[in-house]
Amino acid sequence: MTDAALPRRQPFALRFPSVMIFLTILALFTVGVTVLSEGFGIGVISTSFIKTLGKTLCLCLVALAMDLVWGYCGILSLGHMAFFGLGGYAIGMWLMYARTEIIVLESLSAAALPPTPQEVSDGIATQIFGVVGSSEFPPIWAFAHSLPLQLAAVVLVPGLLALIFGWLAFRSRVTGVYLSILTQAMTLALSLHLFQNDSGLRGNNGLSGLQNLPGMGDTPQSIVSLWFFWASALALALGYLLCAWIVSGKFGSVIRAIRDDEARVRFLGYPVEAFKLVIFTLTAVIAGIAGALYYPQAGIVNPAEIAPIASIYLAVWVAIGGRGRLYGAVIGAAFVSLVSTWFTGGQAPDINLGFYTISWVDWWTVLLGLSFVCVTLFAPKGIGGLVDILIDRKSPNRHGADLGPDHGALREQEAEK
């Protein structure tokens, strides 16, 4: 058979139109928010809500990571918000250092003699760590002055932690609920360590003032918030493309097979542990990048953000959106995040029953838990299942039929879906 007679493989965009649809919607949403913003538009959307939307996009990105590791590979990780928080701490260290350095240099500029580098360093350390009774930089702040090195830490710190943890867990073949408990224990241990003042990250005080970009004191927050919103939208678009590319190829077929029947995949000769380790580490890096974009918009990062409950919320978002569907993870994270902001921000009116007043600020977590239970019992495909109905997407109807040249084999076209 000549090369001309061989069937040509369709471009990625044609084989997976949902990816292009998602990117188009995201682009239109970004343009629309920009036009309606206070910074470059007509001022319909407030700066605070722009930050809320930017943070929501970051949560959608970490939800993508959770869906890849749980929905596609079957690893229920209850520790990915720890990687999310570590990314925020990594970039927050540079933001605090650089901003404090400007303040210290301005205060020392009136001195008779120019300050020495040691005096500047001591002044910065006192400003940052005086709240915890210290005036010296901990060793982990050795590279806080360098933006490139701290950006590298955003990727390397979560990635190395996930690599070490995953290697120890997967080589021991810890699976199921036991692995979930281990990831939750890792998250709890990390958060308890960061709560201590001698952790080097200001304990319970965390890192604050992250919304103030060094050297951008004259730039209004309406402009800065849009910069971060654009960066968050770009990161979500690239993250969605990466995840879609991974799950669409042979690698994606293997990790789905691991999710469905890990023992059978191992018996077929695939290095199951290696596949799981790659996915676990990659998704940790994605979570770290999402955290590095989220916390400058939030303005503060502290150990409470890494508490195990945060990772449980992340799993709930993905479940409500529909795990095993990338767009489902995005829909779930965006929906729950925005509804949570409405309920917990005091915008939802209280309901007076006469004998008791329902305050949604107190009852929101109960409502979220009930929603998770209802979705699990009655709508396991989540909100993403509604999209499947609209586009008439159906799962392959196997029913024990012979779908290939050999018994039990799948057609090549079906295997690519």
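Helices (H or I, at least four residues) and strands (E, at least two) are taken here as DSSP runs, numbered from the N terminus. With that in hand, let us walk through the structure together. This is a predicted model, in which local features need pLDDT of at least 70 and side-chain atom pairs count only at pLDDT 80 or more, while totals for chains, interfaces and linings use all residues. Residues are numbered from 1 along each chain as its sequence is written, and side-chain values use heavy atoms, with hydrogens and water left out.

We can begin with the whole protein. It has 16 helices and four strands. Of its 417 residues, 47% count as buried, where buried means under 20% relative accessible area, exposed over 50%, and partly exposed in between (1.4 Å probe, protein chains only). About 21,500 Å² of the protein is exposed, and carbon and sulfur atoms supply 66% of that area; accessible areas come from the Shrake-Rupley method with a 1.4 Å probe, and for residues only the protein chains shown count as cover. A contact means heavy atoms within 4.5 Å. Among contacts between residues at least 6 apart in sequence, 75% join residues at least 24 apart.

Now look at helix 9 and its surroundings. Two packed helices are described by the angle between their axes and the distance between the axes. Helix 9 (residues 250-260) packs against helix 11 (residues 272-298) at an angle of about 105°, with the axes 10 Å apart. The axes are lines fitted to C-alpha atoms, for helices over the stretch in contact, and the angles run from 0 to 180 degrees between N-to-C directions. Helix 9 and helix 11 are therefore roughly perpendicular to each other, the word used for angles of 65 to 115 degrees, whereas angles under 35 count as roughly parallel, over 145 as roughly antiparallel and the rest as oblique. On the helix 9 side, the contact is made by Phe251, Val254, Ile255 and Ile258; helix 11 brings Val272, Phe275, Lys276, Val278 and Ile279. The buried residues of helix 9 are Gly252, Val254, Ile255, Arg256 and Ile258. What covers them includes helix 3 (47-72), helix 8 (221-248), helix 10 (262-267) and helix 11.

Helix 3 is a good next stop. Leu61 lies in this helix and counts as buried, at 3% relative accessibility. Leaving aside neighbours within four places in sequence, Leu61 is in contact with Ala235, Leu236, Gly239, Ile286 and Ala290. The C-alpha atoms of Leu61 and Ile289 are separated by 8.8 Å, although the two residues are 228 apart along the chain.

Ile289 also leads us to the surface. Together with Val155, Leu156, Leu160, Leu163, Ile164, Trp167 and Leu168, Ile289 forms a nonpolar patch with about 720 Å² of accessible area. Patches are made of residues with over 30% relative accessible area and no salt bridge, joining like charges within 9 Å and nonpolar side chains (Val, Leu, Ile, Met, Phe, Trp, Tyr) within 5 Å. Helix 6 gives the largest share of this patch, seven residues. One of the patch residues, Leu163, is in helix 6 and counts as partly exposed, at 35% relative accessibility.

Just past helix 6 comes Arg173, placed in the loop between helix 6 (147-171) and helix 7 (176-195). Arg173 has a positive phi of about 60° although it is not a glycine, and at 52% relative accessibility it counts as exposed. Another positive phi, near 65°, belongs to Arg202, found in the loop between helix 7 and strand 1 (207-208). Arg202 counts as buried, at 8% relative accessibility.

Finally, the charged pairs. The structure holds five salt bridges, each a side-chain nitrogen of Lys or Arg within 4 Å of a carboxyl oxygen of Asp or Glu. Arg173 returns here as the partner of Glu273, with the closest N and O atoms 3.6 Å apart. Glu273 lies in helix 11 and Arg173 in the loop between helix 6 and helix 7, so this pair ties together parts that are 100 residues apart in sequence. Glu262 forms a salt bridge with Arg266, at 3.0 Å between the closest N and O atoms. Both of these residues lie in helix 10, four residues apart, about one turn of the helix. Salt bridges that share partners join Arg173, Glu262, Arg266, Glu273 and Lys276 into one network.
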